[in-house]
Amino acid sequence: MEEMLHHTKAVMRGARRSLVIADMPFGSYQLNPEEAMRNAYRFIKETGVGGVKMEGGVAIKESVRRVVQGGIAVLGHTGLLPASVSAIG
């Protein structure tokens with residue numbers, strides 16, 4: 001999380017008129033919906049991004065639901081799941 005927050009802040013400094021979506025790192029939202037919400041809020045509060053990206057499909061649906069209910073835009077991801085590739089082989 002700390003590294004992605006740092007990188008996202010750098011992107012936000014250079015993005016004057018762009019919608020920036022933070023890529024939540026593997027492990028920052030899979031544990032439970034409360035952890036997902038806490039980390040998504042950190043991205044919004046600490047970096048100013050417009051939303052977050054989460055990978056995982058049905059396995060993370062409750063986390064996605066919680067983050068969206070909290071007022072944070074979530075970008076879905078289809079196809080190869082880069083953050084999860086080592087877990088799925």
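The chain of this predicted model has four helices and three strands. Read from the N terminus, the order of elements is α-β-α-β-α-β-α. The chain holds 89 residues, and 30% of them count as buried. Its accessible surface comes to about 5,600 Å². Carbon and sulfur atoms make up 56% of that surface. Among contacts with a separation of 6 or more, 61% join residues 24 or more positions apart.

Helix 2 covers residues 33–47. At 1.5 Å a residue, its 15 residues should span 21 Å. The C-alpha atoms at its two ends are 21 Å apart, so the expected and modelled values agree. At the start of this helix, N32 makes a contact through its side chain. A side-chain oxygen of N32 comes to within 3.1 Å of the backbone nitrogen of E34. At the other side, helix 2 is followed by G48. The phi of G48 is positive, near 85°.

Six positions of helix 2 can be listed as buried: A36, M37, N39, A40, F43 and T47. Several elements contribute to their cover. These include helix 1 (residues 2–14) and helix 3 (residues 61–69). Strand 1 and strand 2 are also among them, the latter made of residues 51–53. The cover of helix 2 thus includes both helices and strands.

Strand 1 runs over residues 21–23 and contains I21. The relative accessibility of I21 is 31%. This value lies between the 20% limit for buried and the 50% limit for exposed, so I21 counts as partly exposed. I21 also belongs to a nonpolar patch on the surface. The other members of the patch are L19 and L75. Together, the three residues have about 280 Å² of accessible area.

A further position of interest is G56. This glycine lies in the loop between strand 2 and helix 3. With a relative accessibility of 31%, G56 counts as partly exposed. In sequence, G56 and H77 are 21 residues apart. In space, their separation is 8.1 Å, taken from C-alpha to C-alpha.

How values were computed:
Residues numbered from 1 in each chain as written. Predicted model: local features only at pLDDT ≥ 70, side-chain atom pairs only at ≥ 80, totals over all residues. Heavy atoms only, no water. Buried < 20%, exposed > 50% of the residue type's maximum accessible area, 1.4 Å probe, protein only. Contact = heavy atoms within 4.5 Å. Areas by Shrake-Rupley, 256 points an atom, 1.4 Å probe, with all protein chains shown as cover. Patch = residues over 30% accessible without salt bridge, like charges linked within 9 Å, V, L, I, M, F, W, Y side chains within 5 Å. Salt bridge = Lys/Arg side-chain N within 4 Å of Asp/Glu carboxyl O. Expected span 1.5 Å × (residues − 1). Polar contact = N/O pair within 3.5 Å; in protein donor to acceptor, adjacent residues only side chain to side chain.
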